[in-house]
Amino acid sequence: MSSEIEVVDDGVQSRDGESSALVVNSAAPGADSGDVNVSGDDSLRNDVYTAAAYGDLEKLQRLVECEGCSVSEPDGLGYYALQWAALNNRTAAAQYIIEHGGEINATDHTGQTALHWSAVRGAIQAAELLLQEGAKVNAVDMYGYQTTHVAAQYGQTAFLYHIVSKWNADPDIPDNDGRSPLHWAAYKGFADSIRLLLFLDAHRARQDKEGCTPLHWAAIRGNLEACTVLVQAGKKEDLIITDNTGLTPAQLASDKNHRHVAFFLGNARRLLDKRCDGNSRLGKISKLGLAPFLWCMIFMLLVTYTHSVIIASNLPKLTAGSGFIAWLGVFLASAGLVMLYRCSSKDPGYVQMNVNDPQNMKDDAPLLTIENNAVLLAGNWSQLCATCKIVRPLRAKHCSTCDRCVEQFDHHCPWVSNCIGKKNKWEFFIFLALEVSAMLITGAVALSRILSDPLAPSTFGAWISHVATIHAGVMSFLIVDFFLFFGVAVLTVVQASQISRNITTNEMANAMRYSYLKGPGDRFRNPYDHGIRKNCSDFLINGYNEDVQYIEQSSSDAEGIGMMHLQRTANLQNGDAHSHSSNHTSGCGHVAINMNTQATNAHQGHVHSSHCNHNNHGNPETGNVPLGLGLGLGLGRNTSRSVTAS
């Protein structure tokens, strides 16, 4: 894979009068170095900075050991060879530079170190080397950015996780403008980074110098997913906080014409307004839900059925056979009530919350333990629950009503006042099956009883009048039974169908959102479907299905394992991050470096402002790389509402 380094003269004056900008386009970390194309300054072809950027250890050794070049001096733009090596994750080159006098914590003219640069592309290996050699994890540049800020600005969630969990970096430190890494992740729309920072107890309601919370900045940019994550993990107060201009996040979104975000935030506030305080008397009553009402309704139907159908004095006595069937309906309905109680009161499969005891925690104890979180190392950040502070199982989801994560979350049923999940779905299905059977039997018995009334007139109109007058209880029971039967029967069939395929209602509704339900070509594929026989037998015998994925062996040796072919890497970015081939400069002459793309045109770069104010947020796709860092971070310093990102 080829690489290029080019120097182009954009005529942008830096603070010290320099008028050049550097564009670097490189292959991914670890790729072999290709041709080096230099325009404008042939001296860059064979210097230590170029060798460090490409990880050309042989050239680096020749320049240092044979030609006496120094690795501890900055280049013409004030950047060190170690910074270039760290940016490209060139660990061998970085190790060599350190061994030959490279200063670990050397800072450029913006106060940024090699560790700052390693965060731009999530160079975990380079950062690990730097930190082991004594790099300061809490080093700040002239704008107050620590490494965690840079990682959040570029959506490097895996990098952020690594330095926080292993090296105790501060995930909630504010910069000079009062903006924490959570502000930056929300502004850039990196949902996975937001989840991790919330998981690490980042302050959701922190206001910067302009009074903006992370939710304000997500709303300004129209980042719906970022707003969703923040609202789900937050409280009502987060939606009503106003900035220095007196605007809430919903009002800012509306002001920037982000109608979908404004609608979501407004609707979330209305729902929270309607929600009762759980500690109040009304709130405690509302927590009971509709289960008591449903239980009473079934009980009243049973009383009506028994009194008006089975032991009614104005109807013929039941024979032994018909009496058995009539009382069988009562038995099934009563058993259903027992299942309803069990389903309502049973733990649906709550995942244990991670409640830390501050008194038992050491000051230097890591917030997360890497060895116990293979899920996070694989990059499955959606399994983080910022509310429960857990890494939940893949099929577990957080119920906003119960405010808990539930294994194999199916849905929250208001009629049973509980979630339906792994541990109570069996009771729920048996309850449905029993009640459908009971309604079918009791309805049939009631209908046959009034049809066999010897005193009923022969004409239809007169018969209807007779039944409505003489057998009003039976008619009332039949009408209610008729309407309830079809609703419950449909729900029972749907649940039976899902059980036979080992899939939940939630998964069916969100199949396009969940990556584990996608096969080749993004087509729907359920990896937990082991066939109808095994799915049903496991559910009925064990009470639940295990989360064991079915691996389909491919007949082609070239394909290997066919269906289990997707792996997520820990270095994946989220949000709107993607490669850029532009020069990002500011009035301070900062340099934008892009090592992600292979540019064939030396002049694809363009200059743009980094000012992010209330009057410049119309298009959330325009700012993909925050500025400063000699790579664009920290530009456009002014007194207006500005976020130093583009």
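The following legends describe close-up views of a predicted model.

**View 1. Internal cavities of the predicted model.** The count comes to four cavities of 30 Å³ or more. The volume of the largest cavity is about 80 Å³. Its lining comprises 14 residues, of which Gln408, Lys425, Asn502, Phe539 and Asn545 are the closest to the centre. Sorted by class, the residues lining the largest cavity are four nonpolar, seven polar and three charged.

**View 2. The surroundings of Thr50 in helix H1.** Helix H1 spans residues 48-54 and includes Thr50. The relative accessibility of Thr50 is 4%, under the 20% limit, and Thr50 therefore counts as buried. Ala81 is 31 residues away from Thr50 along the chain, yet the C-alpha atoms of these two residues are separated by 8.1 Å.

**View 3. Segments listed as transmembrane regions in UniProt.** The unreviewed UniProt entry lists residues 290-312, 324-343, 428-450 and 470-494 under "transmembrane region". In the model, the span 324-343 is 100% helix and 0% strand, with its end C-alpha atoms 28 Å apart. The span 428-450 is likewise 100% helix and 0% strand, and its end C-alpha atoms lie 33 Å apart.

**View 4. The salt bridge between Glu427 and Arg342.** The side chains of these residues meet at an N to O distance of 3.1 Å. Glu427 belongs to helix H20 (residues 425-451) and Arg342 to helix H18 (residues 320-345), so that the pair links parts of the chain 85 residues apart. Glu427 is buried, at 3% relative accessibility, whereas Arg342 is partly exposed, at 37%.

**View 5. Salt bridges from the loop between helices H10 and H11.** Asp201 forms a salt bridge with Lys389, and their closest N and O atoms are 3.4 Å apart. Asp201 is in the loop between helix H10 (191-199) and helix H11 (214-221), while Lys389 is in the loop between strand S3 (384-385) and strand S4 (390-391), 188 residues apart. With a relative accessible area of 54%, Asp201 is exposed. Arg204 pairs with Asp238 in a salt bridge whose closest N and O atoms are 2.8 Å apart. Arg204 is in the loop between H10 and H11, and Asp238 is in helix H13 (residues 236-240), 34 residues apart. Arg204 is partly exposed, with a relative accessible area of 25%, whereas Asp238 is buried at 10%.

**View 6. A network of salt bridges.** Asp177, Arg179, Asp208 and Glu210 are joined into one network by salt bridges that share partners. A search of the whole structure finds 19 salt bridges.

Conventions: Residues are numbered from 1 along each chain as its sequence is written. This is a predicted model: local features need pLDDT of at least 70, side-chain atom pairs count only at pLDDT 80 or more; totals for chains, interfaces and linings use all residues. Side-chain values use heavy atoms; hydrogens and water are left out. On a 1 Å grid over the protein atoms alone, a cavity is a set of points where a 1.4 Å probe fits but cannot get out, and a pocket is an open set with protein on both sides within 12 Å along at least five of seven lines; lining residues have an atom within 4 Å of a point. Grid points are joined across faces, edges and corners, and a volume is the space filled by probe spheres set on the points. Ala, Val, Leu, Ile, Met, Phe, Trp, Tyr, Cys and Pro count as nonpolar, Asp, Glu, Lys and Arg as charged, and the others, Gly among them, as polar. Helices (H or I, at least four residues) and strands (E, at least two) are DSSP runs, numbered from the N terminus. Buried means under 20% relative accessible area, exposed over 50%, partly exposed in between (1.4 Å probe, protein chains only). UniProt positions are given in the numbering used here, feature names are shortened, and annotations may be inferred rather than shown by experiment. A salt bridge is a side-chain nitrogen of Lys or Arg within 4 Å of a carboxyl oxygen of Asp or Glu.
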